[in-house]
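Trainee: I am new to this structure. Please take me closely through one part of it, chain B, and what lies around that part.

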Amino acid sequence: MRPLTYSRAADVQDAIALATANQASAFLAGGTTEVDLIRAGISHSEHLVDINELPLRGVEDLPDGGLHIGALARMSDVARTPSVVERYPAISRALLLGASEQLRNMASLGGNLRQRTRCAYLRDGVSPCNKRELGSGCAALDGFNRGHAILGTSEHCIATHPSDVAVALVAFDAVIRTVGPDGERAIPFDDFFLLPGDTPQLEHPIALGELIVGIDVPGAPIGRGSVYLKFRDRQSYEFALVSVAAAIEVDDNLVTGVRIAMGGVGTKPWRARRAEAALVGRPANETSFRQAAAAELAEAVVREHNAFKVELAQRAMVRGLVHSLNRSQS
Amino acid sequence: MTTVEAAATEVPLRINGRQHVVVLEPRVSLLDALREHLDLTGSKKGCDQGTCGSCTVWIDGRRVLACLTLAAAASGHDIVTIEGLADGDQLHPMQRAFIEYDAFQCGYCTSGQIMSAIKVIEEGNAATDEDISEFMSGNICRCAAYPNIRAAIRHVRDEAGGRP
């Protein structure tokens, strides 16, 4: 591991000043991503600004019935916060199905959003990878790409976004709140994650020294019946091949509201807007769900080993909608 | 603000109830500080990338991974390692249960397993074998002693009414 300098920030402005002073700085929260990537030689951070003493750990009510989740709140704590469990069970479930309890005790929500893809070709440090070295190519295109994305890909990168909770959060139109050298910003969740396109090395619209301070989840009664399902190669402590966050509202057996997002299939946490649009006003049954799922996956681009995800994703979406329908009717 | 330079500096660490001062560079992990600087070699280095759980310790009462924790960041917090469980020669009930149920073969993962196993019961995540498996999934056993590890955890859970 290369030498590092280390600072503890006393407050948010202190953290921003410390981080801005060094072009190769990074914030240190749980460390589960940053320490790992520095040791692997993938992150080139030279200065770590420890932000763990900042008062950003709470989960608070918003006036609209939503929640503000502090950026330093730990995954294990947020998953068991009663207001999260009641209002957004999909968020709680997604958190509990991610990583292991040790990692959930360490990892912060802000850090979860900044974690990097688990693509082995990024992490091995030697394979062609446009995220690590722009212009070097993408070894995943014709490599072992069983875990890779089928939506939002480009010819330069097909890496899957690994977060579970981000899938649930994007379904509820969460907003990321930051403070940086230029002041405060509120970034809609979908805009925080960039598609690879021609610039796969850019993953977030975040400036040097800009700190995530929290996540706002708008009030959404539909969230109370939400579910999160995760399908993977082993039962626990594994990333998703496909996951789905789903919530549905029905009146007289017609769909009046629906939220769907998917993990394991996209280069970013994937909000299934086509499927949602195809469902509103339609009968709430498996035929409609299947048609909506097909609409979402219509533009999937598959490689040698990940073609199975097209069917798996559709079945997962249908099952998620059925589970949410059952929950909302019970 | 306090900035620690890349050179080694004095890092106070409170481990198993005792205060230590170790001279460390900021890049040194808590795991390396324990093993290489304090002769507390019970916490094991399996993967050194947060995957295997053999370095599991408690910080402020929660189980975490010492390999992904910088020692400098752990300063000021309460650290407990496997060496802190026994009371003199009296082993912790979970340590005794691991011996009684033969819950290991090579033993390399065992200290991490025990540090997690005690917490699984404290957290209330040991009600069923399914729960035990799920909440112990961050501790990999290459010898696959899992059935015996679950038996040891069940024993402590049932004997202690859920609180070892």
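Mentor: What follows goes from the whole of chain B to its helix pair, its side towards chain A, and a few single residues.

This is a predicted model, in which local features need pLDDT of at least 70, side-chain atom pairs count only at pLDDT 80 or more, and totals for chains, interfaces and linings use all residues. Residues are numbered from 1 along each chain as its sequence is written, while chains are lettered from A and ligands numbered from 1 in the order in which they are written.

Start with the whole chain. Chain B has 6 helices and 6 strands. Both are DSSP runs numbered from the N terminus (helices are H or I, at least four residues; strands are E, at least two). Along the sequence the pattern reads β-β-β-α-β-β-α-β-α-α-α-α. The C-alpha trace of chain B spans about 50 × 30 × 30 Å along its principal axes. Its radius of gyration is 16 Å, which agrees with the value near 15 Å for a compact globule of 164 residues. That radius is taken over C-alpha atoms, and the globule rule is 2.2 Å times the number of residues to the power 0.38. Of the 164 residues in chain B, 46% are buried. Buried means 20 or more other C-beta atoms within 10 Å of a residue's own; exposed means 12 or fewer; partly exposed is in between; C-beta atoms are placed from the backbone. Among contacts in chain B with a separation of 6 or more, 58% join residues 24 or more positions apart. A contact needs two C-beta atoms, placed from the backbone, within 7 Å.

Now the helix pair. Helix α4 (residues 110–122) of chain B and helix α6 (residues 146–160) of chain B have axes that come within 10 Å and cross at roughly 40 degrees. Axes are lines fitted to C-alpha atoms, for helices over the stretch in contact, and angles run from 0 to 180 degrees between N-to-C directions. α4(B) and α6(B) are therefore oblique to each other. Under 35 degrees counts as roughly parallel, over 145 as roughly antiparallel, 65 to 115 as roughly perpendicular, and the rest as oblique. From α4(B), Gln113(B), Ala117(B), Val120(B) and Ile121(B) take part in the contact. They meet Ile149(B), Ala152(B), Ile153(B), Val156(B) and Arg157(B) of α6(B). The residues of this contact comprise 7 nonpolar, 1 polar and 1 charged. Ala, Val, Leu, Ile, Met, Phe, Trp, Tyr, Cys and Pro count as nonpolar, Asp, Glu, Lys and Arg as charged, and the others, Gly among them, as polar.

Next, the side towards chain A. Here 27 residues of chain B are in contact with 26 residues of chain A. β1 (2–4), β5 (62–65), α2 (71–74) and α5 (129–135) of chain B each supply at least two residues of that side. β5(B) gives the most, with 4 residues. By class, this side of chain B has 11 nonpolar, 10 polar and 6 charged residues.

Last, single residues. Leu70(B) sits in the loop between β5 and α2 of chain B. With 26 other C-beta atoms within 10 Å, Leu70(B) is buried. Beyond its neighbours within four places in sequence, Leu70(B) is in contact with Tyr6(A), Gly31(A) and Val35(A), and also with Pro26(B), Ser29(B) and Leu30(B). Asp48(B) lies in the loop between α1 (30–37) and β4 (56–59) of chain B. Its phi is positive, about 60 degrees, although Asp48(B) is not a glycine. Asp48(B) counts as partly exposed, with 19 C-beta neighbours inside 10 Å.
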